[in-house]
Amino acid sequence: MVWSESQWIEFKEKYPWIVSADGKLGCNICSSITCLGASKKERLRISNEWNHLKRKHPLTLNMAFVNEDDPDSELLTVTNLTGPSTSSISSSLPNNDLTTPEPLLEPPVKRQRQLRLYVSKLKGMLKTVLNVSVTTDMWTSDSNNAYITVTCHFIFDDILYSPVATREVHDSHTGEHIAASLSLIFNEWEIGNKIVTVVSDNGANIKNAINQHLKKHQHPCVAHTLNLSVIEAINNNNELSHVIQTCKTIVGHFKHSTSATEKLKMYQNQMGLPQLKVKQDVSTRWNSKLILMERLLQIKDPLSAAINSLPRAPNGLTALEWELIEDCIPLLKPFESMTTELSGEKYPTLSMFIPLIRGLQFTLGNIKPKTNSGRLLKTALSNSVSRRLGSLEGDKTSSKSTFIDPRLKKTAFGLVENANQVQKWIEEELCAMISENTNEDLINNVTIPHDDTSIQDQTSSLWKHFDTKVAQVKTTATPSVMVTLMMRQVQIWTKIEEEKRC
């Protein structure tokens, strides 16, 4: 291979086993080779050195070059943290001494030791936790390798933890193979019998793996579903799709032309506006079409001036197309806000789904588009949200989470029937739990103390009739009665807290 001088300098910084002195190249690892070839500044040939390294020091080549050949070599997963550490070549080796090479440094085992301790600590926490929730997704790396990532969410000592594990998937992405990969991760962390729900995208294979093979409750990723709703509504709107394609063409031109970029900056400075760059639409990035249109609207005047002054610029947007963009942004903006709200890492979001979906539908209903395409977009978005997410109010996991959230309760539900149904579910679940764990201390938790000296007192007989009645009343404290009292106490407590805040 033939490299330029700049490439050689960059290579020498990364791989210090090759040194240069007096126009000669040498090996910095062994002293047996003192001259491997000539060092040419303009067209440097290092094939001899490369062959020498592969032949004499293959281990060094594998350790030091692993990050260059494979983009995934730096992928550090929780599942392999306990494995052996990998040595690396120190960048502090000298590059000007061929006769007295420095020995290689010790492998960085300290970091691996810290990671192993961290993993051990997490496993200790998970053994004491009764319930966890899991999110999972499959993705493909730059080197076209498939991986599945699992994030386990649990609370320990009132702190939310979310460790991540990643495993490579070699087989085809069928439900059976995905379930097998997930089972390996679940078994390694001993959480298989603690999983309450698994959150994933809406792919048929991942849903089949969770529901049919793992027999777990699968919950759709609401943020992902929102993005699908937006994409579906935009793709079914021909006029808006054409405008977005025109926007992408304009953005692509300014991204690849330095003269166009400089012209845009010049007009921004002349107009006294901040220097803002165009934003690209990325298919895998949520709300990227909204971001693209918002940015173009922000730089509308300098962008139009720059396009008109450039000889090879693409066609600009017409007045009607700008009007359509202004009409559609308010319709897409609530989806971005809801996605941001549901992307929190420091607070639970499951209980927020139902009220946020109702709020999204209410917000869309109050927007009055001016253009025909805007009205079509509004209708398509409303129908898609209702079809994809309207059933969550009847989902047991989501509805129970919303109902027991003291901020929401029944008020968050759109239909009273759904709120009453989830209350019934919770009461039945509490009755089952109490019946299973019934004991004298749980139900008969109120007793009347008697002192030994009072037993001998004649006045104790005056309380005998009352004690008998109390005993009869306490025996009627069935699980259903206790659940009813608990529900009333929670409602009263919530009302008192709301009055305090007011």
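The exercises below work through a predicted model of one protein, each with its solution.

**Exercise 1. Overall make-up**

State how many helices and strands the protein has, and what share of its residues is buried.

Solution. Begin with the secondary structure: the protein has 20 helices and eleven strands. Next, take burial: of the 502 residues, 36% are buried. Then turn to the surface, where the protein exposes about 29900 Å². Carbon and sulfur atoms supply 52% of that exposed area. Last, consider contacts between residues at least 6 apart in sequence: 61% of them join residues at least 24 apart.

**Exercise 2. The span of helix 8**

Compare the expected span of helix 8 (residues 238-256) with the distance between its end C-alpha atoms.

Solution. Helix 8 has 19 residues. The expected span is 1.5 Å times one less than the number of residues, so helix 8 should span 27 Å. The C-alpha atoms at its two ends are 27 Å apart, which agrees with the expected value.

**Exercise 3. The buried side of helix 8**

Find which residues of helix 8 are buried, and which helices they pack against.

Solution. First list the buried residues: Leu240, Val243, Ile244, Thr246, Cys247, Ile250, Val251, Gly252 and Phe254. Then look for their partners. These buried residues pack against helix 7 (222-235), helix 9 (258-270), helix 10 (288-298), helix 11 (300-309), helix 12 (319-342) and helix 14 (372-389).

**Exercise 4. Helix 8 against helix 9**

Decide how helix 8 and helix 9 are oriented to each other, and describe the residues where they meet.

Solution. The two helices pack at an angle of about 100°, and their axes are 5 Å apart. Angles of 65 to 115 degrees count as roughly perpendicular, so helix 8 is roughly perpendicular to helix 9. From helix 8, the residues in contact are His253, Phe254 and His256; from helix 9, they are Thr258, Ala260, Thr261 and Leu264. Sorted by class, this contact has three nonpolar and four polar residues, with no charged ones. Phe254 also appears among the buried residues of helix 8.

**Exercise 5. Helix 15 against helix 16**

Carry out the analysis for helix 15 (residues 396-404) and helix 16 (residues 416-436).

Solution. Start with the geometry: the packing angle is about 90° and the axes lie 9 Å apart. Helix 15 is therefore roughly perpendicular to helix 16. Now name the residues. Helix 15 contributes Lys396, Ser399, Lys400, Phe403 and Ile404, while helix 16 contributes Ala419, Val422, Gln423, Trp425, Ile426 and Glu429. By class, the contact of helix 15 with helix 16 holds six nonpolar, two polar and three charged residues.

**Exercise 6. Two loop residues, Ser351 and Thr284**

Place Ser351 and Thr284 in their loops, and say whether each is buried or exposed.

Solution. Ser351 is in the loop between helix 12 and helix 13 (353-366). Its relative accessibility is 6%, so Ser351 counts as buried. Leaving out residues up to four places away in sequence, Ser351 touches Ser401, Thr402, Asp405, Arg407 and Leu408. The C-alpha atoms of Ser351 and Ile404 are separated by 8.4 Å, with the two residues 53 residues apart along the chain.

Thr284 sits in the loop between helix 9 and helix 10. With 68% relative accessibility, Thr284 counts as exposed. Between its C-alpha atom and that of Asn227, 57 residues apart along the chain, the separation is 9.8 Å.

**Exercise 7. Positive phi outside glycine**

Describe the phi angle, location and exposure of Asn144 and Asp158.

Solution. Asn144 is not a glycine, yet its phi is positive, at about 65°. Asn144 lies in the loop between strand 6 (132-140) and strand 7 (146-156). At 63% relative accessibility, Asn144 counts as exposed.

For Asp158, also a residue other than glycine, phi is near 65° and positive. Asp158 is in the loop between strand 7 and strand 8 (159-161). Its relative accessibility is 77%, so Asp158 counts as exposed.

Methods: Residues are numbered from 1 along each chain as its sequence is written. This is a predicted model: local features need pLDDT of at least 70, side-chain atom pairs count only at pLDDT 80 or more; totals for chains, interfaces and linings use all residues. Side-chain values use heavy atoms; hydrogens and water are left out. Helices (H or I, at least four residues) and strands (E, at least two) are DSSP runs, numbered from the N terminus. Buried means under 20% relative accessible area, exposed over 50%, partly exposed in between (1.4 Å probe, protein chains only). Contact means heavy atoms within 4.5 Å. Accessible areas come from the Shrake-Rupley method with a 1.4 Å probe; for residues, only the protein chains shown count as cover. Axes are lines fitted to C-alpha atoms, for helices over the stretch in contact, and angles run from 0 to 180 degrees between N-to-C directions. Angles under 35 degrees count as roughly parallel, over 145 as roughly antiparallel, 65 to 115 as roughly perpendicular and the rest as oblique. Ala, Val, Leu, Ile, Met, Phe, Trp, Tyr, Cys and Pro count as nonpolar, Asp, Glu, Lys and Arg as charged, and the others, Gly among them, as polar.
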